[in-house]
Amino acid sequence: MKFIKKDKIFEWTSPNDWWKSNTMAPSAIYWESKIRVFIGAWDEKPVSRITYIDLDPVNPTKILKIKDDSPVLDVGAVGMFDDNGVFPGHVSIVDNKIYLYYTGFQTGVNVPHYNFGGLAISDDGDNFKRVSKAPILDRSDEGLLVRAGQSVIKDGDSYKSTYSIGSEFAHVGGKLRPTYDVCFQESIDGINFKNSGNKIVSADRSVEHGLGRPQIIKLGNKFFTFYTRRMLDMKYFMGAASSFDCVSWTKENDLFNRIKHSDDGFDSEMIYFPSVVYVPDTKKYLLFYSGNGFGKSGIGYCELLQD
């Protein structure tokens with residue numbers, strides 16, 4: 001089982017007052033016979049808001065719709081955990097509703113920012129309502145500065161989740177950046193979470209400063225979580241881990257050994273924020289990712305080749 005790189009899909013080149021640049025952190029679902037990819041759209045500050053593009057499920061390079069009139073999720077009220085930006089953590093379909101798990105940004109004084117996790121729900125895919133003005137994944141001793149980037153899937157009677165945790169910043173690439181690892185926990189309803197889970201994947205601090213926005217998915221009888229490897233040399237890439245029981249996890253980075261940064265293309269510096277979705281029209285698993293500049297150069301996709 002390997003991923004192969006396919007093509008660039010989209011780059012935003014028509015700035016408006018709330019979306020100046022970037023297609024950050026794609027999160028894809030199959031919704032109403034199309035692929036809907038939620039993304040973080042930056043204004044000039046830059047502050048991110050969430051919108052989406054729709055793709056043809058048979059030809060994902062064909063854009064069916066660009067939601068550019070307004071974001072589906074704006075920043076939170078002043079003083080809230082998400083008042084300085086929101087971007088997609090993970091999107092799940094639960095009981096015919098879209099659960100948009102997102103990461104909120106709030107600026108700090110002694111550290112650049114804080115990141116905690118929120119949730120907004122929609123019946124129609126366009127109108128989202130926050131379940132709470134407070135985070136559903138809030139500060140705790142396991143993650144004092146970062147506890148966010150959560151992904152959640154329903155599996156039987158429980159909801160399984162992976163997310164990032166961090167309590168320190170480090171000087172990387174000329175500025176302070178958060179350090180974090182990946183945790184797992186289960187929830188009874190996908191909304192309420194315990195104060196701590198189990199750390200399942202740790203960053204290799206000799207080459208990485210963090211493992212970000214893990215995406216949990218079940219392939220057959222095996223669980224995978226795909227995440228961003230935030231490298232010390234700023235050549236961001238993807239990583240993965242797998243488990244049969246969600247207790248013991250094994251890194252599966254060789255899934256990506258056929259994927260390389262391009263020499264001078266839109267993903268020559270960054271291939272990150274992986275999001276995997278099953279497309280029933282073609283019976284394929286596709287992986288969407290952001291390119292250079294945290295998605296400023298656009299998003300691309302890969303295809304899973306199964307044994």
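The following dialogue asks how the labels on this predicted model are justified.

Trainee: What are the ground rules for this model?

Mentor: This is a predicted model, so local features need pLDDT of at least 70 and side-chain atom pairs count only at pLDDT 80 or more, while totals for chains, interfaces and linings use all residues. Residues are numbered from 1 along each chain as its sequence is written, and side-chain values use heavy atoms, with hydrogens and water left out.

Trainee: How many helices and strands does the protein have, and what makes a run count?

Mentor: One helix and 20 strands. Both are DSSP runs numbered from the N terminus: helices are H or I with at least four residues, strands are E with at least two.

Trainee: How do you know what radius of gyration a compact globule would have here?

Mentor: The rule is 2.2 Å times the number of residues to the power 0.38, and the radius is taken over C-alpha atoms. For 307 residues that gives a value near 19 Å; the protein has 18 Å, so the two agree. The C-alpha trace spans about 45 × 45 × 45 Å along its principal axes.

Trainee: What makes β2-β3-β4-β5 the order of an open sheet?

Mentor: Strands pair if DSSP finds at least two bridges between them. The four strands pair in that order, antiparallel. β2 (21-31) and β5 (63-66) each have a single partner strand, so one side of each is left without a neighbour in the sheet. Neighbouring strands are turned by 25° against each other on average, direction ignored. Those axes are lines fitted to C-alpha atoms, for helices over the stretch in contact; angles run from 0 to 180 degrees between N-to-C directions.

Trainee: How do you know that β3 and β4 are paired?

Mentor: Eight bridges join β3 (residues 34-42) to β4 (residues 48-55). Pairing needs at least two, so they qualify. Glycine 40 stands opposite isoleucine 50 in β4.

Trainee: Why is β19 called largely enclosed?

Mentor: Buried means under 20% relative accessible area, exposed over 50%, partly exposed in between (1.4 Å probe, protein chains only). Six of the seven residues of β19 are buried, so the rest of the structure largely encloses this strand. Across the protein, buried residues make up 60% of the 307.

Trainee: Which strands pair with β19?

Mentor: β18 (residues 272-279) joins β19 through six antiparallel bridges, and β20 pairs with β19 over five, also antiparallel. Valine 279 stands opposite lysine 284 in β19. The hairpin of β18 and β19 has four residues between the strands, and lysine 283 there takes a positive phi near 55°. Leucine 287 has cysteine 302 of β20 as its bridge partner.

Trainee: What makes a group of residues a nonpolar core?

Mentor: The members are buried Ala, Val, Leu, Ile, Met, Phe, Trp, Tyr and Cys residues joined through side-chain atoms within 4.5 Å. The largest has 19 residues; Phe3, Phe226, Phe256, Ile259 and Leu287 touch the most other members. Elements giving two or more residues include β14 (208-219), β15 (222-231) and β19 (284-290). A second, separate core of 18 residues includes Phe10, Trp12, Val37 and Tyr301.

Trainee: How do you know that cysteine 246 has no bond to cysteine 183?

Mentor: A disulfide is a pair of cysteine sulfur atoms within 2.5 Å. The closest cysteine sulfur to that of cysteine 246 is in cysteine 183, 13 Å away, so too far for a bond. The whole structure has zero disulfides.

Trainee: Are cysteine 246 and cysteine 302 buried or exposed?

Mentor: Cysteine 246 has a relative accessible area of 4%, so it is buried. Cysteine 302 is at 0%, so it counts as buried too.
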